[in-house]
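The paragraphs below lead through a single protein chain, starting with its main sheet and ending with a few individual residues. Please keep the sequence and the model side by side while reading.

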Amino acid sequence: MNKREIPCCLCGSTKHTVVLPDTLGDRPPAVGYDFSTETRKTYQVVKCASCGFLYTNPMPSVAECYEEHRDETYIRSCPQRRRTADHAVSILRRYQPSGRLLDIGCATGIFLDSAARFYQVEGLELSRWAYEEAAKRHKVHNVPLDRLKVDKPFDIATLFGVIEHFEDPYSAMQCVARLLRPGGLLVVYTGDVDSWLPRWLGKKWWWFQGMHLCYFSRRTCELLLSKCGFDTVHVGTLCVYFQLYSLGVSLKRYRLGALMSPLLNLPGLRRIMVPVKLSGEMLLLARRRP
Ligand SMILES: [Zn+2]
């Protein structure tokens, strides 16, 4: 694993304090959704002494880890992801009811399926198997963000659970700004490290994973977007739907959750879908400045 010492991408400071130790070493991160003990291991995470941004440092190069990964846990959770995607689209439509939409990190295209009812959609995905699944139904690009060329800018760009994977979120969001028309809508869904639940859970917070390289708060996310030419128009939490068995999979990493997990997997219960609105996650909408 190739790692390099980097300055804070928000303010350029090289001063920081260590928040999490490196428990992965030279191994690649676990990139699946099965939440094993390995998923919770991270590289060293630091907090910028100047602006408070949390990021992985030294920063590893992990892009290749996604290319050949096929995630069966993700495939099984399609019904709940469709329901969440429908809900997210209903929020977007209040700000931009139609137009051209690009979903960055579109995985197997579940959000594209929901969005295609109202928008002309395209996706971008690095994982080969996910790209091949999504490309059966939609126009999808299998190239890194900085190499995507488009004839006409988009009206909306969405990043659901993607921004925390970027090695250099400042450069990545500058690329996104170039892909959007002035006044275009940006949608970011990620963790919120400053809310009460992460503060309470500490290093047990579920967003702390080896594949997540950046941990935003509302303040640091808005700071990044502002530097990249966006003005925030909405910040809130997104209601995420879970089937009870899947909630059990997510909770099994906590002691109480591990006890509840077999109960949530009972035949009469496991497919029941419940909405969950969690502290520690945020949905942020912003417009590209004219
Ligand atoms: Zn900083």
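In what order do the 7 strands of the open sheet with mixed pairing lie? In this model, which is a predicted one, the order is 8-7-6-9-10-15-12. Strand 8 and strand 12 (residues 230-236) form the edges, each of them pairing on one side only. Between neighbouring strands of this sheet there is an average turn of 20 degrees, with direction ignored.

One part of this sheet can be followed strand by strand. Strand 6, made of residues 100-104, pairs with strand 7, residues 120-124, in the parallel sense and over 5 bridges, and within this pairing isoleucine 104 stands opposite leucine 124 of strand 7. To get from strand 6 to strand 7 the chain passes through helix 4 (residues 110-115), and the resulting β-α-β crossover is right-handed. Strand 7 also pairs with strand 8 (residues 139-141), again in the parallel sense, over 3 bridges, with valine 140 in strand 8 as the bridge partner of glycine 123. Here the chain crosses from strand 7 through helix 5 (residues 128-135) to strand 8, and this β-α-β crossover is right-handed as well. Strand 6 is further joined by 3 bridges to strand 9 (residues 154-160), to which it runs parallel, and leucine 101 stands opposite isoleucine 156 in strand 9.

Two helices can be considered next. Helix 8, residues 218-227, lies across strand 10 (residues 180-191), strand 12 and strand 15 (residues 281-288), and it runs at about 155 degrees to strand 12. Which residues of helix 6 (residues 169-179) are buried? They are Pro169, Ala172, Met173, Val176 and Ala177. Because these residues cover an arc of only 145 degrees around the axis, they are on the same side of helix 6. An α-helix has 3.6 residues a turn, so residues three or four places apart point the same way.

A further open sheet consists of 4 strands in the order 2-3-4-11, and its pairing is antiparallel. Its edge strands are strand 2 (residues 16-20) and strand 11 (residues 214-215), each of which pairs on one side only. Strand 2 and strand 3 (residues 45-48) are paired in the antiparallel sense over 4 bridges, and in this pairing leucine 20 stands opposite valine 45 of strand 3.

Several single residues deserve a closer look. Cysteine 11 is located in the loop between strand 1 (residues 3-4) and strand 2, and it counts as partly exposed because it has 15 C-beta neighbours inside 10 Å. Leaving aside residues up to four places away in sequence, cysteine 11 touches Cys48, Ser50 and Cys51. From cysteine 11 to arginine 94, which are 83 residues apart in sequence, the C-alpha to C-alpha distance is 33 Å. In the loop between strand 4 (residues 54-56) and strand 5 (residues 59-60) lies proline 58, and the peptide bond that leads to proline 58 from asparagine 57 is cis, with omega near 5 degrees.

Is alanine 107, with 23 C-beta neighbours inside 10 Å, buried or exposed? Alanine 107 counts as buried, because the threshold for that class is 20 or more such neighbours. Alanine 107 belongs to the loop between strand 6 and helix 4, and its phi is near 50 degrees, a positive value in a residue other than glycine. Glutamine 120, by contrast, is placed in strand 7 and counts as partly exposed, because 14 C-beta neighbours lie inside 10 Å. Apart from residues up to four places away in sequence, glutamine 120 touches Arg100 and Leu101, and its C-alpha atom is separated by 8.7 Å from that of leucine 102, which is 18 residues apart from it along the chain.

The protein as a whole can now be described. Its secondary structure comes to 10 helices and 15 strands. The radius of gyration is 18 Å, close to the 19 Å that the globule rule gives for 290 residues, so the protein is as compact as a globular protein of that length. The C-alpha trace spans about 50 × 50 × 35 Å along its principal axes, and 39% of the 290 residues are buried. Of the contacts with a separation of 6 or more, 75% are between residues 24 or more positions apart.

Key
Residues are numbered from 1 along each chain as its sequence is written. This is a predicted model: local features need pLDDT of at least 70, side-chain atom pairs count only at pLDDT 80 or more; totals for chains, interfaces and linings use all residues. A residue is buried if 20 or more other C-beta atoms lie within 10 Å of its own, exposed if 12 or fewer, and partly exposed in between; C-beta atoms are placed from the backbone. The arc is that of the directions from the helix axis to the C-beta atoms. Two strands pair if DSSP finds at least two bridges between them. The radius of gyration is taken over C-alpha atoms; the globule rule is 2.2 Å times the number of residues to the power 0.38. Two residues are in contact if their C-beta atoms, placed from the backbone, lie within 7 Å. A crossover is right-handed if, with the strands pointing away from the viewer, the path from the first strand over the helix to the second runs clockwise. Axes are lines fitted to C-alpha atoms, for helices over the stretch in contact, and angles run from 0 to 180 degrees between N-to-C directions.
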